[in-house]
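This report is for a reader who has not met this structure before. It goes through the contact between chains, then the salt bridges, the metal site and some single residues.

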Amino acid sequence: MLEVTDLRITYGKHVALDGASISVGAGEMVAILGANGAGKSSLLGAVGGRVRPASGQVTYKGRDLLRLPQHALVEEGIALVPEGRGIFPGLSVAENLDLGARPRRAKARAGAIREQVFTLFPKLAERRAQIAGTMSGGEQQMVAIGRALMSAPDLLLLDEPSLGLAPIVVQEVFAALARIRASGLTIMIVEQNARATLALADRAYLIEAGRITGSGPADTLRTDPAVVRAFLGGAAVAES
Amino acid sequence: MLVTTLILGLVLGGTYALLALGLTLQYGISRIMNLAYGEFTLVSAFALVALFKGAGVPPLLAIVLIAPLGYAVGWILYAVMMRPLVARAGDAGRLDVASILATFGLMFLIQGGLLVTFGADFTSITYLDQGVNVLGVPVALNRLIAFAICVVAGGGLVLALGRTRWGLALRAVAQTPGSAPLVGIDVNRVARQGFALGTALAAIAGASIAMHQTFSATDGVVFTMKALVIVIMGGVGNVAGTLIAGLALGLVETFVATAIDPGLTLAATFAIFLVVLLWRPQGLFGRR
Ligand SMILES: Nc1ncnc2c1ncn2[C@@H]1O[C@H](COP(=O)(O)OP(=O)(O)OP(=O)(O)O)[C@@H](O)[C@H]1O
Ligand SMILES: [Mg+2]
């Protein structure tokens, strides 16, 4: 469904991504794992239209995404929840969700999707009228994910949804992700929380200093000694 | 006496509020600080006079013609002149500087054009200037009509911004432009619409001012400054605050003119401006 070929991203002289190729199949959940500054957000941002790559290709359902402006991607069925969430802090929860439902593809189904989002995050239903910027970090992440779902996406791009959240809230977010995944949505996720992510994902790519250095089924990677050492800490083996 | 001041002040303030709404839209949504704003008001005022005197077009019909023209002019101006500035500037601070310099130049360009075309003399029309009794106070009918136009246009805008999907998108861009593309909003397009809408409001304000006030080709600066004072008083981008601040300025000016001296109204405006800047730079109703 999504093909990224030989993608190169530079910021001035700095090379953030040096020829990365990945693919994501329909209905798959694919994780991107890597250390800080490895280029994960740059890769995801390029797919979501936020970052303009220097060279390479991004095709989605056979269409060249790099020719489209960022705002056109929602209509193509791609929803990005960026690092820092990208919500509208000055608007209410309901208004944030309404904005999510702007694309033509979502308008007709907005009512039904909103019900699904409220089932997924009951807190959003209770706090409809609250100004989003006054919510806790976890609640704001729910607004961000809920708003992305409102656009009826086929491909959901998540950049570190658990960043900066308390462990209990992280669990809540991953529980929601598990349900979103069960609904059959294709997901590409960047995460530091490798353990929880690999437990959920089908496959993962490992990225180091702008290059893809490994990939494979999540189950295999979870027990791969190198991955355990780099991302999971020694305890992972005993646990699984 | 007090009732007279109150009513005349509100009527004047309605025009000011409408005048300032366009500027706050242009700055709040399109992020262009338009120093030529008052010139657009003036062009529209002259257009109304020319249509009335030259072609006998009734002013109320003229406004209906002028407003969409204002929108079109603003739309084109944004696409041709402002968009390149926005694309190049990168951050808000640099865009402020670039837009202030560019529109400062534009101001002299338009003013020069007006001086050449209409000369430096004061202009006015006589239109529906019989007095109407409002709560015992005689108010010129043309002023009442101007006030009604302000209420309809300003109120319509507040409703549209607050209650429609289109208004929601405008507010989203005004508050958090960086997030807007994530929900499929074309920021460039919304900014162009905001600027065009602001120009249309400037045109409506100018045309309604021309119905009851004397003006000349060099008055644009005064309109810009008054609008700016109101926008800052009301809080930049705060539509409701702008409406209230506009009405307040009309009241203060009328009070100063009747109770102290008509020559002091401009001084009073800037005294308020200074006090607000020093005491509440975020505007009278702003948080923070
Ligand atoms: N806008 C930018 N300007 C300059 N350099 C940037 C910019 N964005 C990212 N970089 C650099 O590119 C490299 C990759 O950044 P990126 O944000 O993609 O990493 P990441 O893997 O998402 O890191 P993190 O885990 O910290 O979010 C980093 O060295 C970063 O400093
Ligand atoms: Mg990142």
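Between chain B and chain A of this predicted model, five residue pairs are in polar contact, with both residues of each pair at pLDDT 80 or more. On the side of chain B that touches chain A, eight residues are nonpolar, five are polar and three are charged. Those residues belong to a contact in which 16 residues of chain B meet 21 residues of chain A. The two chains bury about 1600 Å² between them, and carbon and sulfur atoms give 60% of that area. Within chain B, the residues that lose the most area to chain A are Arg165(B), Leu182(B) and Val183(B), which together make up 39% of what that side buries.

One salt bridge is found across the interface of chain B and chain A. Its partners are Glu95(A) and Arg171(B), whose closest N and O atoms are 3.0 Å apart. Arg171(B) belongs to helix 6 of chain B and Glu95(A) to helix 3 of chain A, and the pair crosses between chains. Glu95(A) has a relative accessible area of 19% and is buried; the cut-off for buried is under 20%.

Helix 6 of chain B, residues 165–175, also has a set of buried residues: Gly167(B), Leu168(B), Ala169(B), Leu170(B), Ala172(B) and Val173(B). What do the buried residues of helix 6 of chain B pack against? They pack against helix 3 of chain A, and also against helix 5 (141–163) and helix 7 (187–210) of chain B. Helix 3 of chain A is thus named twice here, as the place of Glu95(A) in the salt bridge and as a packing partner of these buried residues.

Over all chains, the whole structure has 15 salt bridges. Three of them are set out below.

| Residue | Partner | N to O distance |
|---|---|---|
| Arg171(B) | Glu95(A) | 3.0 Å |
| Lys123(A) | Glu139(A) | 3.9 Å |
| Glu139(A) | Arg127(A) | 3.4 Å |

Glu139(A) appears in two of these rows, with Lys123(A) and with Arg127(A). Lys123(A) lies in helix 6 of chain A (residues 122–126) and Glu139(A) in helix 7 of chain A (residues 137–150), so their salt bridge ties together parts that are 16 residues apart in sequence. Is Glu139(A) buried or exposed? Its relative accessibility is 9%, and Glu139(A) counts as buried. Lys123(A), at 30% relative accessibility, counts as partly exposed.

The second partner, Arg127(A), forms its salt bridge with Glu139(A) at 3.4 Å between the closest N and O atoms. Arg127(A) sits in the loop between helix 6 and helix 7 of chain A, 12 residues from Glu139(A), and the pair links distant parts of the chain. Arg127(A) counts as partly exposed, at 27% relative accessibility. Elsewhere, salt bridges that share partners join Arg8(A), Asp18(A) and Arg211(A) into one network.

Chain A also takes part in a metal site. Which residues coordinate the magnesium ion (ligand 2)? Ser41(A), through OG, and Glu83(A), through OE, do so at 1.9 to 2.4 Å. Ser41(A) lies in helix 1 of chain A (residues 40–47), whereas Glu83(A) lies in the loop between strand 6 (78–81) and helix 3 (93–100) of chain A, so the pair ties together parts that are 42 residues apart in sequence. Ser41(A) is partly exposed, with a relative accessible area of 25%. Glu83(A) is partly exposed at 40%.

Two residues of chain B remain. Ala17(B) is part of helix 1 of chain B, residues 2–28, and is buried, with a relative accessible area of 3%. Apart from residues up to four places away in sequence, Ala17(B) touches Thr242(B), Leu243(B), Gly246(B) and Leu247(B). Ala17(B) and Ala160(B) are separated by 143 residues in sequence and by 17 Å in space, C-alpha to C-alpha.

Ile66(B) is part of helix 3 of chain B, residues 59–89, and counts as buried at 8% relative accessibility. Leaving out neighbours within four places in sequence, its contacts are Ser44(B), Ala47(B), Leu48(B), Leu51(B), Ala203(B) and Ala207(B). From Ile66(B) to Ala45(B) the distance is 9.5 Å, C-alpha to C-alpha, and the two are 21 residues apart in sequence.

Conventions:
Residues are numbered from 1 along each chain as its sequence is written. Chains are lettered from A and ligands numbered from 1 in the order in which they are written. This is a predicted model: local features need pLDDT of at least 70, side-chain atom pairs count only at pLDDT 80 or more; totals for chains, interfaces and linings use all residues. Side-chain values use heavy atoms; hydrogens and water are left out. Donors are N, O and S atoms within 2.8 Å of the metal (3.2 Å for Na, K and Ca); water is not among the atoms, so sites may look incomplete. Helices (H or I, at least four residues) and strands (E, at least two) are DSSP runs, numbered from the N terminus. Buried means under 20% relative accessible area, exposed over 50%, partly exposed in between (1.4 Å probe, protein chains only). Contact means heavy atoms within 4.5 Å. Buried area is the accessible area (1.4 Å probe) that two parts lose on being put together, summed over both. A salt bridge is a side-chain nitrogen of Lys or Arg within 4 Å of a carboxyl oxygen of Asp or Glu. A polar contact is a pair of N or O atoms within 3.5 Å; within protein, one must be able to donate a hydrogen and the other to accept it, and residues adjacent in sequence count only if both atoms are side-chain atoms. Ala, Val, Leu, Ile, Met, Phe, Trp, Tyr, Cys and Pro count as nonpolar, Asp, Glu, Lys and Arg as charged, and the others, Gly among them, as polar.
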